[in-house]
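Open the model in your viewer and set it to cartoon. We will go from one stop to the next, selecting as we go.

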Amino acid sequence: MSTVNAGVLGAGEVIYGDGGGLTPIAEEAARAARVLHPEDHRMPRPARRRVITVANQKGGVGKTTSTVNLAAALALHGARVLVIDLDPQGNASTALGVDHRSGTPSIYEVLIGELTLDQAAQVCDRSSDLLCVPATIDLAGAEIELVSMMNRESRLKQALSAEALDRLDVDYVLVDCPPSLGLLTLNAMVGAPEVLIPIQCEYYALEGLSQLLNNIGLVQSHLNPSLHVSTILLTMYDGRTKLADQVTHEVRHHFGDLVLRTVIPRSVKVSEAPGFGQTVLTYDPGSRGAMSYLDAAREFAMRAAVAEQRAEATVNAGESR
């Protein structure tokens with residue numbers, strides 16, 4: 001059976017197939033083998049630990065879905081990943097199949113200082129390299145409680161200490177934010193140098209983006225000078241509509257290389273997976289949704305690896321002069 005390669009078509013619609021005349025079932029089996037046998041498709045581990053906030057104040061843009069599936073793809077293919085569920089709805093915890101009933105050690109106890117990050121982290125059943133700090137219903141009142149606390153906007157940053165992350169031995173930390181610009185999201189932006197923004201390929205998804213970018217700028221100016229938008233991921237792409245192409249073109253034109261080439265298509269399998277406590281990579285590894293997130297994760301990892309190599313080459317060139 002020949003290996004199925006992924007490509008990019010036009011404005012970013014992901015296509016699959018190598019022209020080898022495989023039947024649809026054979027193509028799906030080949031894609032599933034690519035996901036389930038990661039030894040042939042290892043991703044580079046970052047030279048330095050990366051902490052990324054996944055944020056968009058608009059709901060329904062694939063923020064949580066992208067967080068858990070990118071994390072799962074990275075973990076299945078060579079990296080060790082921690083997902084922090086900072087959304088009181090706990091959807092990321094559900095998708096990763098971790099316990100988040102009331103009373104479970106969670107990000108709430110971490111924020112108020114009762115637990116350290118490593119004490120609240122759980123190992124996901126599907127991968128020993130994928131960990132999650134869950135969100136319980138207790139987090140719903142956390143924003144009110146945080147208002148009266150010292151350093152209320154830096155509670156997560158304090159929890160994300162080098163010592164705690166060293167104990168967990170992770171390469172990536174992905175923070176899933178609630179669909180708002182409140183105190184929890186502010187904590188996530190203060191605690192991480194990178195922001196990944198998922199954008200739905202629909203017109204309304206662009207509304208409010210300027211407000212999000214403005215808030216990122218304010219946090220950068222006053223609380224976290226290292227904060228920057230490192231990645232934009234286009235989600236819910238429907239190749240049958242002209243609008244999806246128009247939105248894709250507009251985002252790429254405005255944000256340039258920040259936008260990943262890989263685009264996540266609309267997929268029933270991606271939507272179904274959380275109901276079974278799984279990511280799409282384990283729920284249906286041969287689906288287009290699984291392959292899209294796998295390709296997006298690889299591009300995400302490779303971009304950083306290339307940037308690190310260039311920086312190292314520049315330093316070496318300067319030292320040799």
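Start with the open sheet in this predicted model. Seven strands make it up, in the order S5-S6-S4-S7-S3-S8-S9. The pairing is mixed. Now colour the two edges: strand S5 (122–123) and strand S9 (228–235). Each of these strands pairs on one side only.

Next, select residues 50–54 and 172–176. These are strand S3 and strand S7, which pair in the parallel sense over five bridges. Strands of a sheet pair through backbone hydrogen bonds, either parallel or antiparallel. Show valine 51 as sticks, then valine 173 in S7: the two are bridge partners.

Which helix packs on the sheet, touching S8 and S9? Select residues 209–222 to see helix H11. H11 touches strand S8 (194–200) as well as S9. The direction of H11 makes about 175 degrees with that of S8.

Move to helix H10, residues 203–206, and pick alanine 205. Is alanine 205 buried or exposed? Its relative accessible area is 4%, under the 20% cut-off, so alanine 205 counts as buried. Leaving aside residues up to four places away in sequence, alanine 205 touches Lys58, Ile199 and Gln200. Add glutamine 57 to the selection. Glutamine 57 and alanine 205 are 148 residues apart in sequence, yet 9.9 Å apart in space, C-alpha to C-alpha.

Finally, zoom out to the whole chain. The secondary structure comes to 15 helices and nine strands. Of the 321 residues, 51% are buried. Among contacts between residues at least 6 apart in sequence, 78% join residues at least 24 apart. Switch on the surface: the accessible area is about 14,400 Å², and 52% of that belongs to carbon and sulfur atoms.

Notes
Residues are numbered from 1 along each chain as its sequence is written. This is a predicted model: local features need pLDDT of at least 70, side-chain atom pairs count only at pLDDT 80 or more; totals for chains, interfaces and linings use all residues. Side-chain values use heavy atoms; hydrogens and water are left out. Helices (H or I, at least four residues) and strands (E, at least two) are DSSP runs, numbered from the N terminus. Buried means under 20% relative accessible area, exposed over 50%, partly exposed in between (1.4 Å probe, protein chains only). Contact means heavy atoms within 4.5 Å. Accessible areas come from the Shrake-Rupley method with a 1.4 Å probe; for residues, only the protein chains shown count as cover. Two strands pair if DSSP finds at least two bridges between them. Axes are lines fitted to C-alpha atoms, for helices over the stretch in contact, and angles run from 0 to 180 degrees between N-to-C directions.
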